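The following exercises are intended for a reader who wishes to practise reading a structural model. Please work through each task before turning to its solution.

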Amino acid sequence: MDSGVLRAVWFHDDLDSGSMARLYEELLSFNDSSDPVNLFIDSFGGDVTQVVTYYEFVRALQFPIRAIAMHECESAAVDMFMFSGSERLTLPSTRFLLHAPQYCSESSESVPRLKSTLTRFEDYYSRVEELERAAVCGKLAVEDWARFRK
């Protein structure tokens, strides 16, 4: 039941322990109602371990969060966006940045191993394109993200 009052939080910071503590405090201030809270995200990302804690925090809230990606949604902020609830929206100008998988070699690679690695990169980037197409349409489903992260 929507009371008509805008319940919103703007997160435009790097993800670190300080910014996340402030975010938690702001979100908890809305715990008096089950109406959704709009979370506007504009971030270059940050500490991935903070996103794991955020995921658990969001699941414990008594109200839904509607995530809205604005301008920059990069790195760990993309995970934050995806973990924020069942409704996610993007502005047409939002830029998502996902890191390519990193590869470390203990010794020199053989040609077949390098070919396998390049095939995985190609698959990864084709899934990134699917994600970007979904973002342009304005909504990303949880299933899309789960399929992408495999």
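The exercises below concern a predicted model and treat confidence, one serine, the salt bridges and one helix in turn.

**Exercise 1. Confidence**

Determine in which helix or strand confidence is lowest and in which it is highest.

Solution. Begin with the chain as a whole: its average pLDDT is 79, and 69% of the residues score at least 70. Next, turn to the individual elements. Helix α5 (residues 142-149) has the lowest confidence, with a mean of 54, whereas strand β2 (residues 37-43) has the highest, at 93. Finally, a word on reading such values: where pLDDT is low, the predicted coordinates should not be read in detail.

**Exercise 2. The surroundings of Ser43**

Establish whether Ser43 is buried or exposed, and identify which backbone atoms its side chain reaches.

Solution. First, locate the residue: Ser43 belongs to strand β2. Second, apply the cut-off for burial, which is under 20% relative accessible area. Ser43 has a value of 2% and is therefore buried. Third, examine the polar contacts of the side chain. One is with the backbone oxygen of Asp13, at 2.6 Å; another is with the backbone nitrogen of Gly45, at 3.0 Å. Fourth, set aside neighbours within four places in sequence; the residues in contact with Ser43 then include Phe11, Leu15, Cys73 and Ala77. Asp13 and Glu72 are also among these contacts, and both return in the next exercise.

**Exercise 3. Salt bridges**

State how many salt bridges the structure holds, and describe the pairs formed by Asp32, Asp13 and Arg95.

Solution. As background, side chains of opposite charge can pair when their charged atoms come close. The structure holds five salt bridges.

1. Asp32 pairs with Arg7, with 3.4 Å between the closest N and O atoms. This pair connects distant parts of the chain, 25 residues apart: Asp32 lies in the loop between α1 (17-28) and β2, and Arg7 in the segment before β1 (8-11). The partners contrast in accessibility, since Asp32 is exposed at 67% and Arg7 is buried at 7%.
2. Asp13 pairs with Arg22 at an N to O distance of 3.0 Å. Asp13 is partly exposed, at 33%, and Arg22 is likewise partly exposed, at 47%.
3. Arg95 pairs with Glu72, their closest N and O atoms lying 2.9 Å apart. Here too distant parts of the chain are linked, with Arg95 in strand β5 (residues 95-97) and Glu72 in strand β3 (residues 65-74), 23 residues apart. Arg95 is partly exposed at 42%, while Glu72 is buried at 10%. Through shared partners, salt bridges join Glu72, Glu74 and Arg95 into one network.

**Exercise 4. The two faces of α1**

Explain why the buried residues of α1 lie on the same side, and name the elements against which they pack.

Solution. Start with the dimensions: α1 has 12 residues and spans 16 Å from its first C-alpha to its last, close to the 16 Å expected. Next, list its buried residues, namely Ser19, Met20, Leu23, Tyr24 and Leu27. Because they cover an arc of only 140 degrees around the axis, they are on the same side of α1. The underlying principle is that an α-helix has 3.6 residues a turn, so residues three or four places apart point the same way. The face turned away from the buried side carries the exposed residues Ser17 and Glu25. The buried residues pack against β1, β2, α2 (48-60), β3 and α3 (76-83). Lastly, inspect the start of α1, where a side-chain oxygen of Asp16 comes to within 3.1 Å of the backbone nitrogen of Gly18.

Methods:
Residues are numbered from 1 along each chain as its sequence is written. This is a predicted model: local features need pLDDT of at least 70, side-chain atom pairs count only at pLDDT 80 or more; totals for chains, interfaces and linings use all residues. Side-chain values use heavy atoms; hydrogens and water are left out. pLDDT is the predictor's confidence in each residue, from 0 to 100. Helices (H or I, at least four residues) and strands (E, at least two) are DSSP runs, numbered from the N terminus. Buried means under 20% relative accessible area, exposed over 50%, partly exposed in between (1.4 Å probe, protein chains only). A polar contact is a pair of N or O atoms within 3.5 Å; within protein, one must be able to donate a hydrogen and the other to accept it, and residues adjacent in sequence count only if both atoms are side-chain atoms. Contact means heavy atoms within 4.5 Å. A salt bridge is a side-chain nitrogen of Lys or Arg within 4 Å of a carboxyl oxygen of Asp or Glu. The expected span of a helix is 1.5 Å times one less than its number of residues. The arc is that of the directions from the helix axis to the C-beta atoms.
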